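Student: I have a model open and would like to work through it with you, one question at a time. Shall we begin?

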Amino acid sequence: MSGIVGGAGARSGILGLTSASGGTEYTNDGYRYHKFTATSTNGFKVASQHINLEYLIVGGGGAGGHTGFGGGGGAGGVLHGSMSVKHGQYTVTIGAGGTGGTASPTNGGNSSIFGIVAYGGGKGSGYGAEGYTGGSGGGGGGDQDYQGGSGISGQGHEGGHGQDYSPEVSGGGGGAGARGYDGSNLWPTRRHSKGGDGAKYSDWATATSSGHNSGYFGGGGGGGVGRNDILGAAAGHGAYGGLGGGGEGALSNYAGGGAANLWATAGIVNTGGGGGGGHPDNATSGAGGYAGGSGIVLIRYLL
């Protein structure tokens, strides 16, 4: 883009008498922040000269897998850097979370500004399939050792692998800060099949009332757990989502035994969190794995 005059090594701050506007604005600890939670054409405006700034761009999270033992959705990619930008108007694109609750879940959408793109997370797989590639990869399906999808280098991590029969536990979605957990017979801890944790930017999150879990962005969705009534009754919950907005995986009482069915939950909006993976009963109920959380774009510069 013609307005960009610097690269990743630019020092944060304003050169000369510069002003900028757009999004929701905050001032904290000597910085001006701009928060964008929805796509805006020419949404960020630099009024004069040029400005040295930092950016934090988060793609939309992928949806959890729909059919039995669905993998957790991969988190949206997270990118942080700095650059110099000339006066002008710049379009901000916020990636939507992947569509969940259907037989055809989708990857998350890309977020971008200044031509820099944070990719949407990969959707979790369904029964007996590998996870999908994205900013972070979706978790692999249960019942066999199906691999998780790959993450984009510098943006996120791969999804976890599925677990063989007894019990069938899918892989957790990859996070921006860590790989998704593999399914495991040690599932009752809820840490096995957990979504990967996101990347932590506490100062950005505090200043703009964004992020999750004390400043994380881009947590992977927890994997779905199937035919696991005894372990389910003891644990009482599906697999954890990753820190940073990842949804919780579903738990099935497919075989009976007293544990309630627990549906997956969605990734949290404007965190890029992946959606939780589904379980066998979802195939007939239509609930499926759940949607990913939408992305976010943050900008800051020194006053």
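**Packing, cores and rings**

Tutor: Happily! This is a predicted model. Among contacts in the chain between residues at least 6 apart in sequence, 61% join residues at least 24 apart.

Student: Good to know. What secondary structure does the chain have, and what share of its residues count as buried?

Tutor: The chain comes to three helices and 13 strands. Its exposed surface is about 10,700 Å², with carbon and sulfur atoms supplying 49% of that area. Of the 303 residues, the share that counts as buried is 56%.

Student: Which element gives the most residues to the largest nonpolar core?

Tutor: In general, nonpolar side chains tend to be buried together in soluble globular proteins. Here the largest nonpolar core has 21 residues, and those with the most contacts inside it are F44, L53, V85, I113, F114 and I299. Two or more residues come from each of β5 (40–58), β6 (78–92), β8 (116–118) and β13 (296–302). The element that gives the most, with six residues, is β5.

Student: Is there another core apart from that one, and how many residues does it have?

Tutor: Yes, another core lies apart from it, with Y31, L56, A176 and A205 among its members. Its residue count is 13.

Student: How many aromatic pairs does the whole structure hold, and how are the rings of Y33 and W204 arranged?

Tutor: A search of the whole structure finds five aromatic pairs. One of them, Y31 with Y33, is tilted, at 6.1 Å centre to centre and 50 degrees between the planes. For Y33 and W204, the centres are 5.8 Å apart and the planes stand at 80 degrees, beyond the 60 degrees cut-off, so this pair is edge-to-face.

Student: Where in the chain do Y33 and W204 sit, and how many residues apart are they?

Tutor: Y33 belongs to strand β4, while W204 belongs to helix α1 (residues 202–208). Both residues are buried. The pair links distant parts of the chain, and the separation is 171 residues.

Student: Which residues form an aromatic cluster with F44?

Tutor: Leaving aside neighbours within four places in sequence, the contacts of F44 include F36, Y90 and F114, along with H34 and I299. The members of the cluster besides F44 are F36, Y90 and F114.

Student: H34 is polar contact territory, I gather. Is H34 buried or exposed, and which side chain does it pair with?

Tutor: H34 lies in strand β4 (residues 31–36). Its relative accessible area is 0%, under the 20% cut-off, so H34 is buried. Residues touching H34 include F44, V297, L298 and I299. The polar contact, at 2.8 Å, joins the side chain of H34 to that of Y301.

Student: Which charged residues lie over rings, and which ring does R300 cover?

Tutor: K123 lies over the face of Y132, at 4.5 Å from the ring centre. The charged end of R300 is 4.2 Å from the centre of the ring it sits over, and that ring belongs to Y31.

Student: Finally, what separates the C-alpha atoms of G122 and G62?

Tutor: G122 is found in the loop between β8 and β9 (168–169). With a relative accessible area of 0%, G122 is buried. Its contacts include G62, G73, G74 and Y132. G122 and G62 are 60 residues apart along the chain, yet their C-alpha atoms are separated by 4.9 Å.

Conventions. Residues numbered from 1 in each chain as written. Predicted model: local features only at pLDDT ≥ 70, side-chain atom pairs only at ≥ 80, totals over all residues. Heavy atoms only, no water. Helix = DSSP H or I, 4+ residues; strand = E, 2+ residues; numbered from the N terminus. Buried < 20%, exposed > 50% of the residue type's maximum accessible area, 1.4 Å probe, protein only. Polar contact = N/O pair within 3.5 Å; in protein donor to acceptor, adjacent residues only side chain to side chain. Contact = heavy atoms within 4.5 Å. Areas by Shrake-Rupley, 256 points an atom, 1.4 Å probe, with all protein chains shown as cover. Core = buried A, V, L, I, M, F, W, Y, C linked by side-chain atoms within 4.5 Å. Phe/Tyr/Trp six-rings, centres within 6.5 Å; stacked < 30°, edge-to-face > 60°. Lys NZ or Arg CZ within 6 Å of the ring centre and 35° of its normal.
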